[in-house]
Amino acid sequence: MMNKKIQGLTIILFCGFLGGFSIFNLFTEQRSFSDAENRVLAQFPEFSWKRFFFDNYTADLEEWFTDQFIGRDTWIGVKAASERALGKIENQNVYFGHEDWLIGQVDIQDLTQSQKNIAKINAFAEQSEIPVSLMLVPTAAEIEKDKLPGGAYNTDQNVLLDSLEDQLTSVQIIDVRAALIQQKQRLNSEETLYFKTDHHWTALGAEVGYEALMSAWGQTALQLGQDFTYQLAAEGFKGTQYSRSGAFWHSGDPVWTWSYTDPLTVQVVYDQSQTDTSLFSLKWLAEKDKYMVYLDGNHALAEIETSSSSNEKLLVIKDSYAHVLIPYLAPHFRSITMADLRYYRLPMSELARQMGADRILLVYSVDNFCTDTNLSLLK
């Protein structure tokens with residue numbers, strides 16, 4: 001009898017707890033966006049009898065309650081911290097690495113899409129009169145694997161890249177693995193090739209990719225200290241791994257931009273409407289996603305005209321790993337056009353013809369390349 005009373009009291013207290021918080025949520029200012037999670041939050045669903053009986057209104061209400069729960073960010077952080085303290089090595093497929101690294105898991109089992117992408121790229125390059133180069137960038141899970149916790153599992157990206165590159169027979173491969181590993185060994189403890197809280201490479205990592213690219217193209221790369229200098233643009237960047245993992249105790253990463261000794265004039269047109277006169281969109285430094293400082297983040301099309309003495313034009317087909325890389329290439333080309341096949345739907349062969357491209361460069365992180373379904377637009 002006593003156990004039943006305790007159970008009944010527990011149920012009453014639990015229901016009262018949820019009910020109380022529900023009432024508090026109703027009278028608390030609703031948030032539309034979570035900076036910590038980097039996503040839009042559910043709003044209180046408008047009630048109607050039709051929605052209640054036919055549109056799963058209760059599920060919408062549950063989503064609102066979850067998203068607007070008082071102190072949500074704090075609870076998420078507490079949960080992640082407690083799980084880490086209990087020995088859990090990851091949350092939401094993000095590993096809690098050594099030295100405050102948050103490293104996204106790369107687990108690629110199905111290579112069906114990558115085989116389709118390889119076939120598309122080979123066919124595109126074979127039919128193109130313009131030379132085509134491809135850079136597949138390994139993620140931090142490979143280059144910074146010494147920072148992973150014990151027991152962490154990831155696809156071996158070296159084996160994967162060897163296999164992919166062996167099949168890409170019609171393009172020039174720009175392999176940056178060895179250069180990244182060599183550069184990592186030369187860096188001091190404050191410098192990193194990847195963001196600790198985000199899935200992208202840093203300005204230093206992209207500089208390594210730029211040097212490898214220039215070498216493969218038989219050109220001389222500009223030199224740090226002589227031809228360009230870095231500036232600390234912001235601190236405390238908390239990227240996608242921070243948002244996914246719930247590691248809200250992390251202080252974040254620094255973000256660097258750079259300037260050229262010989263001034264470079266640029267005009268950037270985004271999506272044929274928005275214009276800028278800089279390769280760095282500094283407005284984003286005041287926002288959570290500071291990686292968008294590099295060429296204003298994701299756009300279907302970005303067209304860059306420069307004061308470079310070169311007359312060459314470059315078409316870049318890419319994912320977001322290219323955003324921090326392209327500013328290094330700007331002094332070497334009169335014109336650079338960036339196309340993101342997730343948003344730009346016209347054939348790349350037609351775009352290359354229209355702009356008069358002299359070179360075509362594809363830039364993808366290796367995990368994104370294996371899952372991207374948009375490369376059919378290369379035709």
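Two strands pair if DSSP finds at least two bridges between them. Strands (E, at least two residues) and helices (H or I, at least four) are DSSP runs, numbered from the N terminus. The model is predicted, so local features need pLDDT of at least 70, side-chain atom pairs count only at pLDDT 80 or more, and totals for chains, interfaces and linings use all residues. Residues are numbered from 1 along each chain as its sequence is written, and side-chain values use heavy atoms, with hydrogens and water left out.

**Exercise 1. Find the partners of strand β6.**

Task: Work out which strands pair with β6, and in which sense.

Solution, step by step:

1. Begin with β15 (residues 359–365): β6 pairs with β15 in the parallel sense, over six bridges. Val132 stands opposite Ile360 in this pairing.
2. Turn to β7 (residues 172–173), which also pairs with β6 in the parallel sense, over two bridges. Here Gln172 is the bridge partner of Ser133.
3. Now place β6 in its sheet. Eight strands form an open sheet in the order β7-β6-β15-β13-β14-β12-β10-β11, with mixed pairing. Because β7 and β11 each have a single partner strand, they stand at the edges and one side of each is left without a neighbour in the sheet.
4. For an antiparallel example, look at β12 and β14 (residues 335–339), joined by five bridges. Glu305 stands opposite Ser335 in β14.
5. Finally, add the helix. Helix α12 (residues 348–355) packs on the sheet and touches β12, β13 (313–318), β14 and β15, in contact terms (heavy atoms within 4.5 Å). The direction of α12 makes about 160 degrees with that of β13, where axes are lines fitted to C-alpha atoms, for helices over the stretch in contact, and angles run from 0 to 180 degrees between N-to-C directions.

**Exercise 2. Decide how enclosed β6 is.**

Task: Is β6 buried or exposed, and what surrounds Ser133 and Val137?

Solution, step by step:

1. Set the scale: buried means under 20% relative accessible area, exposed over 50%, and partly exposed in between (1.4 Å probe, protein chains only).
2. Apply it to the strand. Six of the six residues of β6 (residues 132–137) are buried, so the strand is largely enclosed by the rest of the structure.
3. Check the two faces. In a regular strand the side chains alternate between the two faces of the sheet. Val132, Leu134 and Leu136 are buried on one side of β6, and Ser133, Met135 and Val137 on the other.
4. Zoom in on Ser133, which has a relative accessible area of 3%. Its side chain makes a polar contact of 2.6 Å with the side chain of Gln172, and another of 3.1 Å joins the side chains of Ser133 and Trp217. A polar contact is a pair of N or O atoms within 3.5 Å; within protein, one must be able to donate a hydrogen and the other to accept it, and residues adjacent in sequence count only if both atoms are side-chain atoms.
5. Finish with Val137, at 0% relative accessible area. Neighbours within four places in sequence aside, Val137 is in contact with Val176, Tyr194, Trp201, Tyr321, Tyr364, Ser365 and Val366. The C-alpha atoms of Val137 and Phe369 are separated by 9.4 Å, although these residues are 232 apart along the chain.

**Exercise 3. Trace the aromatic and nonpolar interior.**

Task: Classify the ring pair of Trp258 and Phe280, then place Trp258 in its core.

Solution, step by step:

1. Recall the rule: rings of Phe, Tyr and Trp (its six-membered ring) pair if their centres lie within 6.5 Å; planes under 30 degrees apart count as stacked, over 60 as edge-to-face and the rest as tilted. The count comes to 16 aromatic pairs.
2. The centres of Trp258 and Phe280 are 5.0 Å apart and their planes stand at 75 degrees, so the pair is edge-to-face.
3. Trp258 lies in strand β9 (residues 253–260) and Phe280 in the loop between β11 (274–276) and β12 (301–306), so the pair ties together parts 22 residues apart in sequence. Both Trp258 and Phe280 are buried.
4. Now the core: a nonpolar core is a set of buried Ala, Val, Leu, Ile, Met, Phe, Trp, Tyr and Cys residues joined through side-chain atoms within 4.5 Å. The largest one has 98 residues, and Trp258 is among those with the most contacts inside it, along with Tyr194, Leu329 and Leu362. Helix α9 (residues 203–216) gives the most to this core, with eight residues.
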